[in-house]
Amino acid sequence: MQGASDSGLIPMMLPDYQRVNDPAVRARFEQAWQLAPGTLDEKPGLTVVEVMHSIVEGGVRGMYIMGENPAMSDPDANHAREALAALEHLVVQDIFLTETAYLADVILPASAFPEKTGTFTNTDRLVQLGRQALQPPGDARQDLWIIQQVAQRLGLAWNYPHVSAVFDEMRHTMPSIGGITWERLEREHAVTYPCVQEGDPGDPVVFTTDFPREGGKARFVPADIIPADELPDTEYPRVLITGRQLEHWHTGSMTRRTMVLDAIEPDPTATLHPLDLAEMGVAPGEVITIASRRGSVSLYARADDGTPRGAVFVPFCYYEAAINKLTNSALDPFGKIPEFKYCAVRVQRGGPVPQQSSFGGGRGMAAVVAR
């Protein structure tokens with residue numbers, strides 16, 4: 001996530017958090033990328049939720065999704081799945097046949113991390129070199145090869161003979177990593193940024209003497225608490241919080257195919273305070289049904305006195321109890337982040353026993369590879 005954000009995968013940013021609405025920034029990137037002046041759009045792009053709305057409204061007609069699973073991770077997942085199914089053309093590039101890939105017109109089988117060379121950037125800004133240890137199986141191809149094949153067939157003169165050439169382009173357009181060379185990564189394995197000049201040790205603290213603002217001082221902005229879009233009421237009296245759990249990352253597309261991790265956490269659970277469970281007459285391990293204004297899911301109850309009374313926490317990695325069917329797609333007006341951590345629900349005892357997902361295991365997928 002850190003490296004993706006650094007590289008410009010944020011709708012209002014170019015690489016290194018340089019804003020798209022800054023004419024000087026756009027001019028620098030147009031020169032670096034050998035584009036005609038005025039080529040880069042000054043208007044910020046759309047967030048994922050906004051893209052889904054745009055599809056329904058007839059705006060976005062095609063998508064190319066790499067290594068993400070919005071059919072599981074997006075709020076109001078049924079709406080997201082309807083939007084993805086409504087696209088004129090959907091391409092998914094991934095290592096497994098995810099829930100999103102099931103909706104795709106074309107699947108490009110990609111490479112997993114031990115099957116390619118490249119860099120990973122930690123949240124503490126440590127840029128680490130990962131080296132290829134295995135060959136991609138079957139028709140799977142390395143991501144850079146796939147992307148270049150697509151680009152070349154669109155008429156673009158993309159010719160990066162090695163991933164190091166991509167990194168070299170990045171460091172010449174991203175001042176924060178300007179001092180990190182590929183040769184240094186091969187030698188030292190990892191370097192922390194900011195590292196502006198070659199030979200700099202890399203700084204573990206981002207701002208040491210001033211801030212990147214006029215005058216060099218930080219700016220404190222008071223922020224009022226904005227009420228959630230959907231508050232509990234008599235019909236839906238509890239608050240749903242969704243998130244990740246230790247054993248399963250994100251939508252579980254990789255970790256639920258890992259036998260050891262799936263053996264530890266094989267079933268979808270909803271965590272409530274023990275007093276809330278007792279109040280409902282539910283014993284831990286029983287099936288309960290959670291419902292919101294957008295749908296319902298059934299899963300197993302789990303007691304945890306760390307969960308606040310009146311709240312219920314559910315991981316969003318279980319296809320058989322896809323909890324994001326219930327969440328609200330309302331966006332924070334400033335950060336444009338969906339309200340994953342707050343929507344009104346009711347919890348009732350009983351419901352159908354969750355059925356194991358059919359997506360687990362194996363890497364086989366019907367695939368069309370760019371050749």
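Phe120 is partly exposed in this predicted model, with a relative accessible area of 42%. The ring of Phe120 pairs with that of Phe113: the two centres lie 6.4 Å apart and the planes meet at 80°, so the arrangement is edge-to-face. An angle over 60 degrees is what places a pair in that class. Phe113 itself is exposed, its relative accessible area being 57%.

The count of aromatic pairs comes to four. Another of them joins Phe29 and Trp33, whose ring centres are 4.9 Å apart. Here the planes stand at 50° to one another, and the pair is tilted. Because its relative accessibility is 2%, Phe29 counts as buried. Trp33 is partly exposed, with a relative accessible area of 30%.

Aromatic rings also receive charged side chains. Arg125 lies over the face of Tyr193, at 5.9 Å from the ring centre. A second example is given by Arg141, which is placed over the face of Trp145 at a distance of 5.8 Å from the centre of the ring.

The discussion now turns to the strands. Strands of a sheet pair through backbone hydrogen bonds, in either the parallel or the antiparallel sense. In this model, three strands make up an open sheet, ordered S6-S7-S8, with antiparallel pairing. Strand S6, residues 118-121, and strand S8, residues 190-192, are its edge strands, each pairing on one side only. From one strand to the next, the twist averages 25°. Strand S7 covers residues 126-130 and pairs with S8 in the antiparallel sense over three bridges. Within that pairing, Val127 has Val191 of S8 as its bridge partner.

What surrounds Thr192, beyond its neighbours within four places in sequence? This residue lies in strand S8 and is in contact with Asp124, Arg125, Leu126, Gly202, Asp203 and Pro204. Arg125 is thus both a contact of Thr192 and the residue that lies over the face of Tyr193. The relative accessibility of Thr192 is 19%, and Thr192 therefore counts as buried, the limit for that class being under 20%.

Further along the chain, strand S12 takes part in two pairings of opposite sense. With strand S10 (residues 269-272), strand S12 (residues 295-303) pairs in the parallel sense over four bridges. Thr269 has Tyr300 of S12 as its bridge partner. With strand S11, which spans residues 287-292, the pairing of S12 is antiparallel and runs over six bridges. One bridge there links Thr289 to Ser298 in S12. S11 and S12 form a hairpin, and two residues lie between these strands.

Ser296 offers a view of S12 at the level of a single residue. It lies in strand S12 and touches Thr289, Ile290, Ala291 and Leu326, leaving out residues up to four places away in sequence. Is Ser296 buried, exposed or partly exposed? Its relative accessibility is 46%, so Ser296 counts as partly exposed. As for its place in the wider model, the C-alpha atoms of Ser296 and Trp182 are separated by 50 Å, the two residues being 114 residues apart along the chain.

Cys343 belongs to strand S16, which comprises residues 343-349. Cys343 is buried, and its relative accessible area is 0%. Which residues does Cys343 touch, when those up to four places away in sequence are not counted? They are Glu230, Arg238, Val239, Leu240, Arg294, Leu326, Thr327 and Asn328. Leu326 thus touches Cys343, and it also touches Ser296. Between Cys343 and Ala311, which are 32 residues apart in sequence, the C-alpha to C-alpha distance is 10.0 Å.

The confidence of the prediction remains to be considered. The chain has a mean pLDDT of 92, and 96% of its residues reach 70 or more. Over residues 358-371, however, pLDDT stays under 50. For that stretch the model has 45 contacts beyond four places in sequence.

How values were computed:
Residues numbered from 1 in each chain as written. Heavy atoms only, no water. Phe/Tyr/Trp six-rings, centres within 6.5 Å; stacked < 30°, edge-to-face > 60°. Buried < 20%, exposed > 50% of the residue type's maximum accessible area, 1.4 Å probe, protein only. Lys NZ or Arg CZ within 6 Å of the ring centre and 35° of its normal. Pairing = 2+ DSSP bridges. Axes fitted to C-alpha atoms, helices over the stretch in contact; angles between N-to-C directions. pLDDT = per-residue confidence, 0-100. Contact = heavy atoms within 4.5 Å.
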